[in-house]
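Q: Please take a close look at the side chains of this chain, beginning with the nonpolar surface and then turning to the interior and the charged pairs.

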Amino acid sequence: MSATVDGDKSVLVPRVRRALRGPRPDAVPSLVGTACAFVGLVDVAAGVFPRFRHSRMHAFAEVLPGATGPFAAALSLSAGVLLLLLAHGLKRHKRRAWRAAVILLPAGAAAQFVYRHSVVGVLLSLALLALLLRHRGQFAALPDPRSRWRALANFVLMSAGSLGLGLVVVSAHPGKVVGSPSLTDRLEHVIYGLFGFEGPVDYAGRVSWTVGYSLGALGLLTAVTTVYLAFRPEHPAARLTEDDERRLRDLLAVHGGRDSLGHFALRRDKGVVFSPSGKAAVCYRVVSSVMLASGDPIGDVEAWPGAIERFMDEAKAHSWTPAVMGCSETGAEVWTRETGLDALELGDEAVVDVADFSLAGRAMRNVRQMVKRIERGGYETRVRRARDLTDDELERIRRAAADWRGTDTERGFSMALGRIGDPADGEAVIATAHKADPNDADSPYGDLKAIIHFVPWGVDGMSLELMRRDRSADPGMNELLIVASLQAAPALKVERVSLNFAMFRSALARGEKIGAGPVLRLWRGLLVFLSRWFQIESLYKFNAKFRPRWEPRFVVFRNTRDLPRIGFAAMQAEGFVNVSLPRPFTRHRPDRLPRPCAHPARHHEQPEVRAA
């Protein structure tokens with residue numbers, strides 16, 4: 001199957017497919033998840049608040065054992081909390097959430113019947129149970145990757161929720177409270193009750209039993225869920241195995257020149273799915289239930305559909321949201337044609353053709369003057385293949401790259417490799433800037449002042465991966481090393497160089513032109529405002545210095561509703577949003593090499609043009 005798609009067909013085919021598909025396949029699970037959350041709230045309310053009327057079942061309740069009422073309240077409360085926790089899993093088709101809900105719904109219904117005598121609550125629970133049983137085939141998704149650190153997060157969240165809900169339980173019987181306990185007394189009563197002890201608040205009648213059972217149930221629920229998450233078998237996120245990496249390198253050796261982002265598929269914190277023939281692959285990472293691929297599929301274009309189908313099957317099996325960041329125009333056409341997904345232009349990649357690059361001319365005057373000024377300051381540059389550097393030089397470069405990172409959070413995903421000087425990456429190009437200084441005699445970096453790292457792009461190209469510089473070095477280190485790399489490219493047999501990715505480049509370029517409309521100017525103004533925190537305008541202007549040609553890059557997504565989730569997941573993957581545990585609680589992972597800080601493309605420290 002050819003990857004060249006007619007322009008009209010590439011637009012119309014996804015729309016026709018969406019029209020023929022009919023109702024969305026996730027409509028029922030979404031409805032069931034929402035209904036589950038509602039029933040959970042009803043169960044919680046039934047367990048917390050005393051019944052506000054005498055029902056016809058009151059006489060029947062009077063002959064039940066004395067603890068039945070308090071026990072039913074606690075059961076209703078526990079079932080409601082668990083149903084609230086399961087609602088999201090049901091929306092995502094999770095099989096385990098379905099099984100748990102099928103058990104909890106009858107328990108919650110029975111508790112409401114005994115404690116509240118609520119026929120409506122019972123009917124709601126049974127109706128949802130019937131809906132779950134009827135559509136059980138739609139709840140088959142496998143579990144997400146997990147680790148035992150989730151137990152700590154569960155303990156913190158459940159403890160906070162139990163404290164808040166416990167205060168509501170303690171305060172839900174104002175007419176039965178003895179005296180006027182303060183907020184501190186109520187909070188102390190909740191804490192004691194979560195551990196199964198009696199607190200300082202007294203109640204008239206059997207209310208103290210109801211409150212005690214409910215608080216004890218919340219404490220037990222927190223403990224049981226935390227213990228379960230802590231001791232269940234780990235299901236780690238997918239990682240590249242040695243065999244996966246070998247197969248990917250074989251594909252890149254033949255087809256690596258097609259996409260400048262191909263080599264970044266070799267990040268070892270990504271998973272991979274291969275086409276049935278093994279001639280193509282899609283690399284991905286799962287972040288916040290979003291299955292993120294980056295760049296085009298690796299390998300033969302004819303085999304791309306098979307790899308894409310495997311990717312979509314994996315996303316469906318786990319109920320992950322599929323998305324692709326930074327694919328080319330051809331890649332976007334194939335993705336939309338084969339899957340019915342949508343594509344949106346995300347920005348442009350700057351590509352410099354070495355044969356056309358020159359510092360001559362008025363357009364390059366600023367870059368030329370900056371480079372000459374730095375060279376007169378005593379700086380020299382070296383551009384070499386990684387295999388030509390000594391072990392000591394590589395170690396010094398790695399240390400400098402880690403220490404000169406501009407943020408505490410390591411960043412990078414779609415256009416970052418995550419390592420420097422690996423023996424398997426001998427074709428990578430490392431450009432360094434040096435300046436002899438007597439004050440640097442004791443420096444661990446020696447005379448090293450700046451670093452640029454390029455990864456291979458086929459046999460005749462290289463793609464910018466990382467830029468770092470010593471903060472004490474003169475401004476313009478990035479320009480100096482890029483110019484040096486472009487000038488050294490012919491000797492390295494490199495004909496094209498991919499620089500940084502500029503998000504929304506076309507909007508910025510059109511918005512600053514004379515005659516731009518008010519909407520375009522407003523959009524550009526917003527992008528310039530956001531550039532205070534994200535390198536949007538600065539990256540565009542920095543790339544434009546080298547007179548590149550612009551290659552559009554796209555994001556591929558299922559529907560517009562998923563875009564906020566995909567954007568958040570992409571920011572997590574790139575390192576702009578960090579929801580992991582604080583450093584004191586994180587484990588050292590010796591198998592993971594430091595990875596660079598990246599914009600939703602490649603990271604570079606660029607203080608002189610800064611607007612991550």
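A: A patch is made of residues with over 30% relative accessible area and no salt bridge, where like charges are joined within 9 Å and nonpolar side chains (Val, Leu, Ile, Met, Phe, Trp, Tyr) within 5 Å. Accessible areas come from the Shrake-Rupley method with a 1.4 Å probe, and for residues only the protein chains shown count as cover. The model is predicted: local features need pLDDT of at least 70 and side-chain atom pairs count only at pLDDT 80 or more, while totals for chains, interfaces and linings use all residues. Residues are numbered from 1 along each chain as its sequence is written, and side-chain values use heavy atoms, with hydrogens and water left out.

On the surface, L163, L187, I191, Y192, F195 and F197 form a nonpolar patch of about 600 Å². Helix α8 (residues 183-194) supplies the largest share, three residues; helices (H or I, at least four residues) and strands (E, at least two) are DSSP runs numbered from the N terminus. F195 sits in the loop between α8 and β2 (202-203). With a relative accessible area of 65%, F195 is exposed, a class that means over 50%, whereas buried means under 20% and partly exposed lies in between (1.4 Å probe, protein chains only).

In the interior, a nonpolar core is a set of buried Ala, Val, Leu, Ile, Met, Phe, Trp, Tyr and Cys residues joined through side-chain atoms within 4.5 Å. The largest has 36 residues, and F357, I452, M477, I482, V497, L499 and F546 have the most contacts inside it. Elements giving two or more residues to this core include β8 (342-353), α13 (365-376) and α15 (477-488). Helix α15 gives the most, eight residues. Apart from this core lies another of 31 residues, among them L292, V455, M503 and A569.

Helix α15 also takes part in a charged contact. A salt bridge is a side-chain nitrogen of Lys or Arg within 4 Å of a carboxyl oxygen of Asp or Glu, and the count comes to 24. In one of them, the side chains of K545 and E479 meet at 2.6 Å, N to O. This pair links distant parts of the chain, 66 residues apart: K545 is in the loop between α18 (537-544) and β14 (549-557), and E479 is in helix α15. K545 is partly exposed because its relative accessible area is 22%, whereas E479, at 0%, counts as buried. Elsewhere, salt bridges that share partners join E245, R249, R268, R419, D422 and D425 into one network.
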